[in-house]
Amino acid sequence: MREEHYQMAVTLRHELHMHPEASMQESWTKQHLMDFLKEHTDLEVVDRGKWFYAVYHAGEDRPSIAFRADMDAVPVEEPEGLVPYASCCPGVSHKCGHDGHSASLAAFALELEGLRPQKNVFLIFQHAEETGQGAKECAALLEEASISEIYAFHNLPGVTQGSLVVLDGVTQYASTGMILRFTGKKSHASYPENGINPAFAISEIVSSLEGITRTDADKGLLMITVIQVLVGERAFGTSPGYGELLLTIRGGFEQEMNGLIGRIENLARERAAHYGLQCSFAYEDTFPETRNRPEAVARVRQAAKDCGIPLEDLKEPWRASEDFGYYTKQIPGAMFYLGSGDAAPLHTALFDFPDPLIRSAVAVFSRLCELD
């Protein structure tokens with residue numbers, strides 16, 4: 001990678017870091033990245049509203065490959081003075097490294113015209129990864145543009161900085177936020193028998209969750225995390241008539257996770273009926289399993305070897321969810337990881353993306369363009 005391009009990408013990454021935007025709000029980020037590519041490359045840049053893509057055209061008869069970077073930030077406050085390019089947006093910061101992912105893809109764009117690959121190369125700058133909304137929208141491009149393979153990377157603290165890890169099959173868990181709503185009847189706290197308080201049903205459901213997590217037929221890990229219990233308000237004279245239970249459901253296999261969701265719904269309906277409550281369900285932040293295709297994983301491993309990048313084994317899937325799975329449901333592809341060394345954990349206040357990973361990402365992307 002040209003040193004000039006690397007320094008431009010580092011500057012870009014720091015600019016993105018200073019102006020973080022939460023999911024579905026990435027207007028400045030998107031425009032800044034588009035302006036960067038228009039100023040410094042001859043790639044075609046296509047605005048798709050909440051997201052955009054850039055294209056290197058090799059020819060209509062040539063195969064098409066895609067690379068994706070996410071660009072949203074997370075609701076974490078960055079400590080003052082942590083870095084000289086600290087977040088200017090209170091309560092929002094790039095604590096998952098998406099500033100680095102986008103800067104790396106932009107750096108790859110700078111290199112493309114010098115590489116002159118024999119494939120059409122699509123660079124997808126995606127919004128709203130953190131909420132699972134972005135890839136679901138962007139994946140339409142795969143069929144529109146007849147793209148045949150797709151790749152992305154994520155930085156991974158705890159793995160030797162600059163090393164690459166990749167896994168065949170499921171590499172990140174499916175998950176969803178589940179909201180259980182219970183409607184009963186308010187009453188005066190001195191006459192609770194005149195009302196229907198949902199607290200008892202909710203407490204029984206919470207106590208029963210561990211027992212329904214697995215069945216004998218399940219092969220993967222299934223998890224239920226209690227996120228919030230909402231019943232009533234701070235009013236000691238009132239017995240509440242409404243309550244909510246918020247859960248995160250997570251599974252190594254999407255089908256098994258959906259089975260667990262069905263068991264939770266059945267338990268909630270049974271307890272609601274027992275107490276005379278009405279119940280309903282809603283879902284947010286839904287992610288599919290991210291499943292790497294074997295042929296794509298083989299190419300990533302070959303690219304790393306060809307670039308002299310150390311390979312380490314990923315012993316088991318990463319439990320954190322990633323909406324890249326929407327792409328690999330359609331076409332072959334792989335999510336790989338570049339080690340961030342002893343960087344602070346993701347989504348914590350002290351994390352910062354290591355700039356040297358930009359070089360590694362560009363090297364792997366460049367080689368993947370050349371492999372058959």
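Val165 stands opposite Tyr337 in strand E16. This pair belongs to the pairing of E6 with E16, which is antiparallel and runs over 2 bridges. The model is a predicted one, and E16 is a useful place to begin reading it.

On its other side, E16 pairs with E5. Here the sense is parallel, and the pairing extends over 7 bridges. Within E16, Gly339 has Leu156 standing opposite. E16 is mostly covered, with 7 of its 7 residues buried. In a regular strand the side chains alternate between the two faces of the sheet. Both faces of E16 are covered: Gly333, Met335, Tyr337 and Gly339 are buried on one side, and Ala334, Phe336 and Leu338 are buried on the other.

The sheet that holds E16 can now be laid out as a whole. It is an open sheet of 8 strands, in the order E1-E2-E4-E3-E5-E16-E6-E15, and its pairing is mixed. Which strands stand at the edges? They are E1 (44–47) and E15 (311–313); each has a single partner strand, so one side of each is left without a neighbour in the sheet. From one strand to the next, the twist averages 25°. At the E1 edge, E1 pairs with E2 (residues 52–56) in the antiparallel sense over 4 bridges. Glu44 stands opposite Val55 of E2.

A helix covers part of this sheet. H10 packs on the sheet and touches E3 (64–70), E4 (120–126), E5 (149–156), E6 (164–166) and E16 (333–339). The direction of H10 makes about 150° with that of E16.

H10 also meets other helices. Two packed helices are described by the angle between their axes and the distance between the axes. For H8 (residues 294–306) and H10, the axes come within 9 Å and cross at roughly 115°. The crossing of H8 and H10 is right-handed. On the H8 side the contact is made by Arg299, Val300, Ala303 and Asp306, and on the H10 side by Val364, Arg367 and Leu368.

Helix H1 is another partner of H10. The buried residues of H1 pack against H2 (27–40), H3 (98–115) and H10 (357–370). Those buried residues are His5, Tyr6, Met8, Ala9, Val10, Leu12, Arg13, His14, Leu16 and His17. An α-helix has 3.6 residues a turn, so residues three or four places apart point the same way. The length of H1 can be checked as well. H1 has 16 residues (3–18), which at 1.5 Å a residue should span 22 Å; the end C-alpha atoms are 23 Å apart, which agrees.

The structure has a second open sheet to follow. This one has 4 strands in the order E10-E12-E8-E13, with antiparallel pairing. Its edge strands are E10 (222–231) and E13 (278–287), and each pairs on one side only. The twist here averages 20° from one strand to the next. E10 and E12 (residues 242–251) pair over 9 bridges in the antiparallel sense, and Ile224 stands opposite Ile249 in E12.

Two helices lie across these strands. H6 (residues 199–208) lies across E8 (174–183), E10 and E12, and runs at about 15° to E12. H7 (residues 254–275) lies across E8, E10, E12 and E13, and runs at about 10° to E8.

Leading into H6 is a loop that starts from E9 (187–188), and Asn194 lies in this loop. Is Asn194 buried or partly exposed? Asn194 is partly exposed, because its relative accessible area is 45%. Leaving aside neighbours within four places in sequence, Asn194 is in contact with Lys185 and Ser187. Asn194 and Ser239 are 45 residues apart in sequence, while their C-alpha atoms are 9.4 Å apart in space.

The cysteines come last. How many disulfides does a search of the whole structure find? The search finds 0. Cys89 is in no disulfide, and the nearest cysteine sulfur, that of Cys88, is 6.4 Å away. A disulfide would need the two sulfur atoms within 2.5 Å. Cys89 is partly exposed, with a relative accessible area of 26%. Cys96 is also in no disulfide; the nearest cysteine sulfur belongs to Cys138 and is 17 Å away. Cys96 is buried, because its relative accessible area is 6%.

How values were computed: Residues are numbered from 1 along each chain as its sequence is written. This is a predicted model: local features need pLDDT of at least 70, side-chain atom pairs count only at pLDDT 80 or more; totals for chains, interfaces and linings use all residues. Side-chain values use heavy atoms; hydrogens and water are left out. Buried means under 20% relative accessible area, exposed over 50%, partly exposed in between (1.4 Å probe, protein chains only). The expected span of a helix is 1.5 Å times one less than its number of residues. Contact means heavy atoms within 4.5 Å. Two strands pair if DSSP finds at least two bridges between them. Axes are lines fitted to C-alpha atoms, for helices over the stretch in contact, and angles run from 0 to 180 degrees between N-to-C directions. A crossing is left-handed if the near helix is turned anticlockwise from the far one by less than a right angle, and right-handed if clockwise.
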